[in-house]
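User: Please take a close look at the aromatic residues of this structure and at the strands that carry some of them.

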Amino acid sequence: MKPSSKPSEGKRFILSSLTFIFFLCALASINEIRFESLFKLGRCALSNAPLPLNSSSEMSTLVPNSSSDDIRILIGILTLPDQYHRRHFLRLIYGTQTPVGAQVDVKFVFCNLTKEDQKVLVALEIMRYDDIIILNCKENMNKGKTYTFFSSLPEIFNSSDRPYPPYHYVMKGDDDTYLRLDKLVESLRPLPREDLYYGYVIPCPSMDPFVHYMSGMGYLVSWDIAEWIRDSEIPKNHLEGPEDKVFGEWLRDGHRAKNRFNAKWSMYNYPEPPTRCTHDLWPDTIAVHLLKNQEKWIHTLKYFNVTTNLKPSKLYHIP
């Protein structure tokens, strides 16, 4: 009889199985390496892709030097709907300032639109810059516009999905005032964040912030005062008159603003023509007021060397 061939066939089967298993393991290793390489490549591509900038609100989340612990300041520049060129100019002025350790939002504030061209052009501005507040009022200077501005802020900005207060301070400014944001932030750091009234004391020779009121060039209050203006009957019953003087009278009659700060002479009127309210330009300046023409603006901007951070480039030559 011939010997059985089953043992040899079993060995061949085992050997073939081991070879097949080895082949599968090698194939799996190769695929794993390829998958990991593709994963890393995809992750690298995503991390280097530009972030979408669909609106200025998205851009604001990318601003450097800002965190949840920073001072939050809202500056409302009261102006008129038709002042398109002035707004574009001021966007250059404030858009090139990057105060450290603060979130400073500059908004342009005016009353309801009344012309067809305004409805188009202002809408385009909002779509592009998102920096305009339109109040529900008829345009005016000394008949309640300032009241409407401050009293509207809590409804506009108080929200459960943002920090409270949304801003520590609110400033009302003129569109002929140049504000140096770094200096403003620096001056506010040691000050209280409640019941604060800050600005340039009127009358001009006075240095006592508890006697009269702060100049309309730019005065600032803490958020709780904006909420008080919304809720109190005192401002509602006293709307007409020089807006800065009336504002000071609200605080006096309501026994508010126990914390006051006189920023004179870091805030002042432009030096020409000289008056008791003017001051020479100097390095510790926070605000310069009454910049009524281009010549005064350029002189002021050159003094503070605002273009010092212009980067060299082959694209331009500015002597």
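Analyst: The account below covers the ring pairs, the charges over rings, and then one strand with its partners.

This is a predicted model, in which local features need pLDDT of at least 70 and side-chain atom pairs count only at pLDDT 80 or more, whereas totals for chains, interfaces and linings use all residues. Residues are numbered from 1 along each chain as its sequence is written, and side-chain values use heavy atoms, with hydrogens and water left out.

The structure holds 16 aromatic pairs; rings of Phe, Tyr and Trp (its six-membered ring) pair if their centres lie within 6.5 Å, and planes under 30 degrees apart count as stacked, over 60 as edge-to-face and the rest as tilted. The pair of Phe149 and Phe150 is edge-to-face because the ring centres are 5.0 Å apart and the planes meet at 65°. Phe149 is buried, at a relative accessible area of 0%, and Phe150 is likewise buried, at 0%; buried means under 20% relative accessible area, exposed over 50%, and partly exposed in between (1.4 Å probe, protein chains only).

Tyr178 and Trp297 form another edge-to-face pair, with 6.1 Å from centre to centre and 70° between the planes. Tyr178 lies in strand S5 (residues 178-179) and Trp297 in helix H10 (residues 294-303), so this pair ties together parts that are 119 residues apart in sequence. Helices (H or I, at least four residues) and strands (E, at least two) are DSSP runs, numbered from the N terminus. Both Tyr178 and Trp297 are buried.

Ring pairs also link Tyr147, Phe149, Phe150, Tyr197, Tyr219, Phe247 and Trp250 into a cluster.

Two rings have a charge over them. The charged end of Arg91 sits over the ring of Tyr129, 4.0 Å from its centre, and Lys264 lies over the face of Tyr200, at 4.4 Å from the ring centre. The criterion is that NZ of Lys or CZ of Arg is within 6 Å of the ring centre and within 35 degrees of the ring normal.

Tyr197, a member of the cluster, belongs to strand S6 (residues 196-199), where Tyr197 and Gly199 point one way and Leu196 and Tyr198 the other, all of them buried. Strand S6 runs parallel to strand S10 (residues 259-262), to which four bridges join it; two strands pair if DSSP finds at least two bridges between them. Tyr198 stands opposite Phe261 in S10. With strand S9 (residues 218-222), S6 pairs in the antiparallel sense over two bridges, and Val221 in S9 is the bridge partner of Tyr197.
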